[in-house]
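User: I am new to this structure and would like to learn how to read it one feature at a time. Could you give me the general idea behind each feature before you turn to the case at hand?

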Amino acid sequence: MTKKYEEAKLYTFRIKYNAGVGHAAHDSYHYFQATNADQALSFHFSMMERKSLTSQTISVERKDPYANRWVEEKVY
């Protein structure tokens, strides 16, 4: 028997970013639960816009719970 509605699996993503040129010495992270890297990055951009902040995104990583490490994701 199959489920009528299957839930999408959520992963933990972290977005590494900094304030940009001239302020690039200090990197920060935001963490999101999302179904894929594009969705996590969209959440990050929405949050930055809502708070009227600017930044440069350095990387998007997904937590691999089996290897207990972060894996860099390609985002388009």
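Analyst: Let us begin with the vocabulary of elements: helices (H or I, at least four residues) and strands (E, at least two) are DSSP runs, numbered from the N terminus. Two strands pair if DSSP finds at least two bridges between them. In the hairpin of β3 and β4, four residues lie between the strands, and N68 takes a positive phi near 55° there. This is a predicted model, in which local features need pLDDT of at least 70 and side-chain atom pairs count only at pLDDT 80 or more, while totals for chains, interfaces and linings use all residues. Residues are numbered from 1 along each chain as its sequence is written, and side-chain values use heavy atoms, with hydrogens and water left out.

User: In what order do the elements of the chain run from the N terminus on?

Analyst: The order is β-β-α-β-β, which amounts to one helix and four strands in the chain.

User: How are the four strands ordered in the sheet?

Analyst: They form an open, antiparallel sheet in the order β2-β1-β3-β4. The edges are taken by β2 (28-34) and β4, each of which pairs on one side only. From one strand to the next the twist averages 35°, where axes are lines fitted to C-alpha atoms, for helices over the stretch in contact, and angles run from 0 to 180 degrees between N-to-C directions.

User: How many bridges join β3 to β4, and how many join β1 to β3?

Analyst: The antiparallel strands β3 and β4 are joined by four bridges; within this pairing, E61 has E72 of β4 as its bridge partner, and D64 has R69 of β4. Between β1 and β3, which also run antiparallel, there are six bridges, and Y17 stands opposite T57 in β3.

User: Which strands does the helix lie across?

Analyst: The helix α1 lies across β1 (11-18), β2 and β3, and it runs at about 125° to β2.

User: Which residues make up the largest nonpolar core?

Analyst: Two ideas are needed here. Buried means under 20% relative accessible area, exposed over 50%, and partly exposed in between (1.4 Å probe, protein chains only); a nonpolar core is a set of buried Ala, Val, Leu, Ile, Met, Phe, Trp, Tyr and Cys residues joined through side-chain atoms within 4.5 Å. The largest such core in this model has eight residues, namely F13, I15, F32, A34, A37, A40, L41 and V60. At least two residues of this core come from each of β1, β2 and α1, and α1 supplies the largest share, with three residues. Of the 76 residues of the chain, 25% count as buried.

User: Where do S52 and N68 lie, and are they buried or exposed?

Analyst: S52 belongs to the loop between α1 (37-50) and β3 (56-64), and its phi is near 55°, a positive value in a residue other than glycine. Because its relative accessibility is 68%, S52 counts as exposed. N68 is found in the loop between β3 and β4 (69-72), and with 57% relative accessibility N68 also counts as exposed.

User: How far apart are K74 and V60, in sequence and in space?

Analyst: They are 14 residues apart in sequence and 7.5 Å apart in space, C-alpha to C-alpha. K74 has its place in the segment after β4, and K74 is exposed, with a relative accessible area of 66%.

Notes: Contact = heavy atoms within 4.5 Å.
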